Each structure stands twice: as C-alpha cells, then as structure tokens.
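Open your viewer and get ready to click along. This tour tells you what to select at each stop and what you will find there.

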Amino acid sequence: MPAHSITSTATPGDIGRYTQGECHVLAVALHRRFGWPIYLVLDAGEPYWTDPEDDDNTISTVCHAYAICPDGLAWDVRGAQTLDAVRQEAQDLWAISIYDTDTLYNEEELRLYVGCWSNDEWMVDRPLEFYDEQDVAAAQAVLSRIFESQPLFASESSRSARPQRVIHA
C-alpha cells in the first residue's frame with residue numbers, strides 16, 4: 001500500500017470512524033476550514049443506486065472521501081498522499097471495477113451522495129450517511145489533534161499555508 005507523504009497521529013478509533021463511514025464528514029471539515037475541494041473516489045462499475053425507471057441514471061458507490069490541498073495532496077484521517085497513491089490505494093483496498101472520481105467544490109454538490117431522498121413513489125438511498133454540525137465539529141476537533149504538528153493546522157488564519165511534506169522511506 002502506498003505510504004502517506006504526511007502522516008497523522010490518528011488513533012485506531014479515529015481511523016476506523018473516518019475510513020468506514022464518516023470519511024466525507026472529515027473531508028467536509030477540511031473543506032470548511034481551508035476551502036479545499038472534496039475529492040470522492042468512486043466505483044462507477046458498481047452503482048450504489050439505479051433509477052428503477054432508467055438504468056442509465058445511477059449513483060456510483062463512494063469508496064472514500066478526501067480533501068485536496070492547493071499542492072494537490074489528498075488529505076484524510078491517515079494523512080496526505082498524491083492522487084496517484086490514492087488511486088493505487090483504492091485499487092488495493094476496494095478492488096474497484098471502474099475507477100472514477102468526483103471533485104466537489106461545495107457541500108451542495110456533495111448532497112447527491114448524502115442521506116436519503118424520497119417522494120410518494122420511491123426512495124433514493126444515497127451512499128453516504130447524513131451528517132450534522134455536531135459531526136463536523138467533532139471531525140474538526142480530531143483534525144486539530146491528529147495534525148497538531150502541522151503548521152497548517154496551527155491557526156484558523158492559515159488558509160493559504162502549504163503543508164510540510166515529510167517523506168517516509
């Protein structure tokens with residue numbers, strides 16, 4: 001599995017929470033703090049939902065969510081890595097049949113993938129769980145703790161700061 005060029009001090013509990021169900025919440029917390037786009041890794045070959053009236057209308061399975069910093073690194077609970085490393089990791093972890101991504105520039109765009117939508121006829125269950133302000137606040141607290149050694153996370157006024165890369169052999 002590819003190594004992260006920037007690593008976090010996340011606990012096993014943090015990693016479990018933000019890699020198995022709430023990765024999008026951590027990506028939203030990064031997006032809100034720094035304005036970074038949210039980057040979803042998708043399996044387009046395994047639709048999560050298919051329109052019962054139109055087989056071409058689908059929502060892809062979301063494998064993981066990251067936030068992309070200005071240097072192009074993909075950040076998650078474990079640290080930051082290149083997009084090439086993200087692709088390799090995704091293939092290793094999820095055996096994706098058709099690798100795809102979606103770069104989202106605001107939370108409104110994320111709504112396609114979050115929660116549940118319904119009308120009187122049918123319901124669309126989406127691949128990512130609903131989240132609220134408490135969930136995002138909890139993720140922001142985790143970010144401050146697990147990246148406390150990163151100057152980027154030292155202050156709220158660090159929007160334009162660049163992360164320090166640490167290369168691990």
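We will visit a sheet, then a pair of helices, and finally a pocket. Keep in mind that this is a predicted model.

**Stop 1: the whole sheet**

Switch to a cartoon view and look for the strands. They form an open sheet of six strands in the order 1-5-4-3-2-6, with antiparallel pairing. Strands of a sheet pair through backbone hydrogen bonds, either parallel or antiparallel. Now colour residues 6-7, which are strand 1, and residues 99-104, which are strand 6. These two strands stand at the edges with a single partner strand each, so one side of each has no neighbour in the sheet.

**Stop 2: strands 2 and 3**

Select residues 38-51 for strand 2 and residues 54-68 for strand 3. How many bridges link strand 2 and strand 3? There are ten, and the pairing is antiparallel. Follow the chain from one strand to the other, and you pass through a hairpin of two residues.

Next, show a few partners as sticks. Asp43 has Thr61 of strand 3 as its bridge partner, and Trp49 is bridged to Ile59 in strand 3. Click on Leu42 as well: Val62 of strand 3 stands opposite Leu42. In a regular strand the side chains alternate between the two faces of the sheet.

**Stop 3: the neighbours on either side**

Stay with strand 2 and add strand 6. Strand 2 and strand 6 are antiparallel and share six bridges. To see one of the pairs, select Leu40 and its bridge partner in strand 6, Asp102.

Then go back to strand 3 and add strand 4, residues 74-76. Strand 3 and strand 4 also pair in the antiparallel sense, here over two bridges. Ala67 has Trp75 of strand 4 as its bridge partner. The hairpin between strand 3 and strand 4 has five residues, and Gly72 in the turn has a positive phi of about 90°.

**Stop 4: two helices**

Select residues 23-34, which make up helix 2. Helix 2 lies across strand 2, strand 3 and strand 4, at about 60° to strand 3. Add helix 5, residues 133-146. At what angle do the axes of helix 2 and helix 5 cross? They cross at roughly 75° and come within 8 Å. The two helices are therefore roughly perpendicular to each other. Show the side chains where they touch: the contact includes Val25, Leu26 and Arg33 from helix 2, and Val136, Ala139 and Leu143 from helix 5. By class, the contact residues are eight nonpolar, two polar and four charged.

**Stop 5: the largest pocket**

Turn on a surface for the last stop. The largest pocket has a volume of about 200 Å³. Among the residues lining this pocket are Arg32, Arg111, Phe130 and Tyr131. Which helix gives the most to the lining of the largest pocket? Helix 4, residues 107-110, does so with three residues. Colour the lining by class, and you will find four nonpolar, no polar and six charged residues.

How values were computed:
Residues are numbered from 1 along each chain as its sequence is written. This is a predicted model: local features need pLDDT of at least 70, side-chain atom pairs count only at pLDDT 80 or more; totals for chains, interfaces and linings use all residues. Side-chain values use heavy atoms; hydrogens and water are left out. Two strands pair if DSSP finds at least two bridges between them. Helices (H or I, at least four residues) and strands (E, at least two) are DSSP runs, numbered from the N terminus. Contact means heavy atoms within 4.5 Å. Axes are lines fitted to C-alpha atoms, for helices over the stretch in contact, and angles run from 0 to 180 degrees between N-to-C directions. Angles under 35 degrees count as roughly parallel, over 145 as roughly antiparallel, 65 to 115 as roughly perpendicular and the rest as oblique. Ala, Val, Leu, Ile, Met, Phe, Trp, Tyr, Cys and Pro count as nonpolar, Asp, Glu, Lys and Arg as charged, and the others, Gly among them, as polar. On a 1 Å grid over the protein atoms alone, a cavity is a set of points where a 1.4 Å probe fits but cannot get out, and a pocket is an open set with protein on both sides within 12 Å along at least five of seven lines; lining residues have an atom within 4 Å of a point. Grid points are joined across faces, edges and corners, and a volume is the space filled by probe spheres set on the points.
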